[in-house]
Amino acid sequence: MAQAVVPEVRRKPVLKQEIAFLLIHLMPLGALWTGATFFDWMVCIFLYVFRMFWVTGGYHRYFAHRSYSTSRWFQFVIAFMAQTTAQKGALWWAAHHRHHHRHSDTPADPHSMKIYGFWYSHVGWIVGPDFKETDYKVIGDYAKYPELVWLNKHYLVPPTVLAVLVTAIGGWVNGGSVMAIFSTAGFSTLFVGFFLSTIVLYHATFSINSIMHKVGTQRYESNDESRNSLWLALITLGEGWHNNHHYYEVAARQGFFWWEIDITFYILKGLQAVGLIWDLKGVPQHVLHSKNKKEAAELKKKYEAQNNRGPIAKPEKAKPEVETAEVG
Ligand SMILES: [Zn+2]
Ligand SMILES: [Zn+2]
């Protein structure tokens, strides 16, 4: 008999944080005063697409799931670029996301739409007091780098740097001089180019936490509500293949088949080609073609038996097999 699910007690959102979050949403309205130029709209679109890559390729696939390797300096760049989205520190983001995978759609999940409803899973858990702190134990593999811990604590530094830069460029392009930074020329780029793209990024990212566990289809039995959706994959540069991802979370690609468009993965392949990152983790065949963990284990045995049945039996000294990660 199925047991009744008892949700955890979640505290109400903190008014101060709610107001701050609301104020950010009101910032683009400043364009009613400044107007907006073609350039401002181009900056908005560019900053949305560009920064979505760092959310998915950085916060998510690198810090939360270690789906590829890189150098220490580029790892800092990844964290900095991801944090320009103002979605808090990379260690905070990744630690909570690991928690989500561990307890997906159970009461301990920070943002389960099934248990806590749409608004809580979308924004409530972020503006609430229950998940404010970073659990450094969960993210110990990266918390050993002091520069990442510093950035995690001073998480507003990257978005502030970007906001100032965007305003200066806006002043220069719209107003003809960087000195126009403090005029409507600079501010219109700030309101539309920076703030509007940041808000759209928020809700596209949050949709993965909320509706990606409700809307779409399930290819794999991942023991949770995760779904696959093409249109969410397009909006989020590949994160819409969320059921694939919950089934085998360590892979650098979330579109498992060639027709599952995953722009983040294509960019990661590009970064690998120029040597900035390496060891992109793939999806093993037995995972790809299975329906659930049991079938995956059976397929694995079958494929191994087939591979060992060569015309010339190889003598001893078989390399110990290194399994990158388990299904789950
Ligand atoms: Zn999920
Ligand atoms: Zn994930």
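Arg-66 follows α3 and has a positive phi, near 50°, in what is a predicted model. The helix before Arg-66, α3, covers residues 38-64, and α3 also packs with helix α11, which covers residues 184-209. A second packed pair is formed by helix α4 (residues 72-83) and helix α9 (residues 146-153).

**Helix spans and exposure**
- With 27 residues at 1.5 Å a residue, α3 should span 39 Å, and the 37 Å between its end C-alpha atoms agrees with that expectation.
- Helix α1 (residues 15-26) has 12 residues and should span 16 Å, which agrees with the 16 Å that separates its end C-alpha atoms.
- Because the number of buried residues among the 12 of α1 is zero, α1 lies largely in the open.

**Packing of α3 with α11**
- The two helices pack at an angle of about 35°, with their axes 8 Å apart, and α3 passes α11 in a right-handed crossing.
- The α3 side of the contact includes Phe-39, Trp-41, Leu-47, Arg-51 and Val-55, while the α11 side includes Ser-188, Val-192, Phe-194, Leu-201 and Thr-205.
- By class, this contact of α3 with α11 has 14 nonpolar, five polar and two charged residues.

**Packing of α4 with α9**
- The axes of α4 and α9 are 10 Å apart and the packing angle is about 10°; as angles under 35 degrees count as roughly parallel, α4 and α9 are therefore roughly parallel to each other.
- From α4, Phe-76, Ala-79, Phe-80 and Gln-83 meet Glu-147, Leu-148 and Leu-151 of α9.
- Sorted by class, the contact between α4 and α9 has five nonpolar residues, one polar and one charged.

Definitions and conventions:
Residues numbered from 1 in each chain as written. Chains lettered and ligands numbered in written order. Predicted model: local features only at pLDDT ≥ 70, side-chain atom pairs only at ≥ 80, totals over all residues. Helix = DSSP H or I, 4+ residues; strand = E, 2+ residues; numbered from the N terminus. Expected span 1.5 Å × (residues − 1). Buried ≥ 20, exposed ≤ 12 C-beta atoms within 10 Å, placed from the backbone. Axes fitted to C-alpha atoms, helices over the stretch in contact; angles between N-to-C directions. Parallel < 35°, antiparallel > 145°, perpendicular 65-115°, else oblique. Contact = placed C-beta atoms within 7 Å. Nonpolar A, V, L, I, M, F, W, Y, C, P; charged D, E, K, R; others polar. Left-handed = near helix turned anticlockwise from the far one by under 90°.
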